[in-house]
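User: I would like a close look at one part of this model, chosen for how it is packed, followed by a careful account of what surrounds it. Please say plainly what each term covers as you go.

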Amino acid sequence: MARRSSTSGRWRYLHPAYYLKRPKRLAFLFIAFVVATFAFWDRQSLIRDHEAEIAVLQEQLNRLQDQLRKAGVSDDVSEHVKLTREVEIDPINDERREKVKEAMLHAWNSYVEYAWGQDELQPQSKTGANNFGGLGATLIDSLDTLYIMGLKDEFQKAKEWVATALDFNKDYVASVFETTIRVVGGLLSAYDLSGDKLFLDKAKDLADRLLPAWDTPTGIPYNRINLAHGNPHNHGWTGGESILADSGTEQLEFIALSQRTGDLKYQQKVEKVIRQLQKIYPSDGLLPIYINPHSGVAAQYSTITFGAMGDSFYEYLLKVWIQGNKTEGLKHYREMWETSMEGLVSLIRKSTPSSFSYICEKTGNSLSDKMDELACFAPGMLALGSSGYDPEKAEKMLSLSKELAWTCYNFYQTTPTKLAGENYFFHGGQDMSVGTSWNILRPETVESLMYLWRLTGNKTYQEWGWNIFQAFEKNSRIDSGYVGLKDVNTGTKDNMMQSFFLAETLKYLYLLFSPPSVISFDEWVFNTEAHPLRIVPRNDTVPELGGVEEAKPQSKALDRPFGRKQGRILDRN
């Protein structure tokens, strides 16, 4: 039997007579044609509108670049404006950002599985540790990182724990500093990002328990307090003195709390500290790390440093000014910071033979050629603050920032593991050598790289950050989380995943490969634990805020590892 060709059968659909005999199919064909035509022209209209919008934006960008050139703004800043649009569609950054996000998920899921609700995970033993009173430090520290990375399910699970299990009524002697920057700051940031009042209420509860620490004759706070019973006091090993960084690094959090609750008491407590320090502020802006809370006098025998126990005091002078939108009433913060930066410049020395710039420590009139990795926050701070100077001074400070960042990057590159030690010593003709050789997953260098990339547009800083991330992946990642190294020379691992690894190190790496619009510097300021807080203009009176608009994803042995994330807990009382 003859078979009709399937090919010839298909041709009949192209013959008009086929549809004239079948009116329903003709109607269907007509409707399909009309719909397709409308869809085509609608898309063409959208494309034309989009092209017109791009043209307008390009014209505005060109005008802005002309204004910057006429104003004599540095090439780096102009280059940053020019590159912003390119950065946002960079596929390499997209891939790297996803790798960092996967690292966060690995760290978080390990914490959930082995240490849920406890302060920190011990990955090698797969157990939890409560070094901060059992306040869920890693969980609270991770809230905003989860939110920023779009990890909604993980954020929701953490929020439920905060709602049902977080209790501050604990017979535990807490560090006022660590509890403020990690827990109060983490809760406030979660509130600013999500708008959920649960986080604000919890932050207020904890801050109320910390407030008696400021009840001293001078307002300089004691650095320790029992969360259930009060009884504020200082560490025994300081001889009863308060620590500079521990006393001057609560301003951002407590001012933000006053702004968001309308209750001035938090702001008044922390601003009294600054007024007291203004009375004793030296001409070079460099304060020793010990201050007497009764007399308000600094202990002249103690060290001056931008590392442990000094660092974040200087950071907050700049950031409180930024937090208040740089208003006139906060000018004294900026002035104090600029004075201190002149002091910092006086501590800069260069190594030989490679001319690495580094920040010395000072005791009395003697300088020590030692720099903590903790001090590697300074390049980012200098870059962030450079825009408040006149153009010539701004360029000098930005140049110093870049020099210090190169030194900090080489803290990593000069070890066999490509991870930095805790501190470094500089010797004539030998450049740098590792002092204390552990690495506890600290964030300061990648923090500065993030600031410098955003403020200059120079992708070199992204490459450096990626190299550091890969070194963490190679040396610190294990099946049950991330660990530090006991020795960066041998790669021997420790048994602790610090909460700031999730709060800071991974967040700053994620933002290093994200568009600058994600947690924009125009809208947010980071506390010293990398918790972003919304910038709110300051007035003489504190505005009542019922919530914040949701953000769119936008020596060889160091015996005092305290200040700006102490990292290891050494109870010396």
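Analyst: Buried means under 20% relative accessible area, exposed over 50% and partly exposed in between, with a 1.4 Å probe and protein chains only. Helices (H or I, at least four residues) and strands (E, at least two) are DSSP runs numbered from the N terminus. The model is predicted, so to speak of local features pLDDT must be at least 70 and side-chain atom pairs count only at pLDDT 80 or more, while totals for chains, interfaces and linings use all residues. Residues are numbered from 1 along each chain as its sequence is written, and side-chain values use heavy atoms, without hydrogens or water.

The part I would choose is helix α15, which spans residues 378-386; nine of its nine residues are buried, so the helix is largely enclosed by the rest of the structure. Reading along the helix, the buried residues are A378, P379, G380, M381, L382, A383, L384, G385 and S386. The enclosure comes from several elements, as these buried residues pack (contact means heavy atoms within 4.5 Å) against helices α13 (311-323), α14 (331-346), α16 (391-413) and α17 (444-456), and also against strand β9 (357-359).

The chain around this helix has 573 residues, of which 57% count as buried, and its fold is made up of 19 helices and 18 strands. A nonpolar core is a set of buried Ala, Val, Leu, Ile, Met, Phe, Trp, Tyr and Cys residues joined through side-chain atoms within 4.5 Å. The largest such core has 146 residues, and those with the most contacts inside it are L187, F306, Y314, M341 and F411. F306 shows how widely one of these residues can reach along the chain: leaving aside neighbours within four places in sequence, F306 is in contact with L286, D311, Y314, S340, M341, L344, L347, I359, L374, A375 and F377. A second core, separate from that one, has seven residues, including I289, A299, A308 and M309.

Strand β9, one of the elements packed against α15, also marks one end of a loop with an unusual bond. P353 is placed in the loop between β8 (348-350) and β9, and the peptide bond that joins T352 to P353 is cis, with omega at about 10 degrees. Most residues other than glycine have a negative phi, and most peptide bonds are trans.

Moving outward along the sequence, an open sheet of three antiparallel strands has the order β12-β13-β14, where two strands are taken to pair if DSSP finds at least two bridges between them. Strands β12 (370-372) and β14 (431-434) stand at the edges with a single partner strand each, so one side of each is left without a neighbour in the sheet. Three bridges hold β12 to strand β13 (residues 423-427) in the antiparallel sense, and D372 has N423 of β13 as its bridge partner. Within the edge strand β14 lies D431, which has a positive phi of about 55 degrees although it is not a glycine; D431 counts as buried because its relative accessible area is 10%.

Another open sheet of three antiparallel strands has the order β3-β4-β5. Its edges are β3 (173-175) and β5 (230-233), each of which has a single partner strand, so each has one side without a neighbour in the sheet. Strand β4 (residues 224-226) is joined to β3 by three bridges and to β5 by two, again antiparallel, and a hairpin of three residues makes the connection between β4 and β5. In these pairings A174 is matched with I225 of β4, and N226 with G230 of β5.

I225, in strand β4, counts as buried because its relative accessibility is 0%. Apart from neighbours within four places in sequence, I225 is in contact with Y172, V173, A174, V176, R209, L210, P212, A213, G230, N231 and P232. One of these, Y172, is 53 residues away along the chain, yet the two C-alpha atoms are separated by 8.0 Å. Another contact, N231, lies in strand β5 and has a positive phi of about 55 degrees although it is not a glycine; N231 counts as exposed because its relative accessibility is 56%.

A last point concerns confidence, for which pLDDT gives the predictor's estimate in each residue from 0 to 100. The chain averages 87, and 80% of the residues score at least 70. Over residues 1-8 pLDDT stays under 50, and the model has zero contacts for them beyond four places in sequence. Residues 540-573 also stay under 50, although the model has 112 contacts for them beyond four places in sequence.
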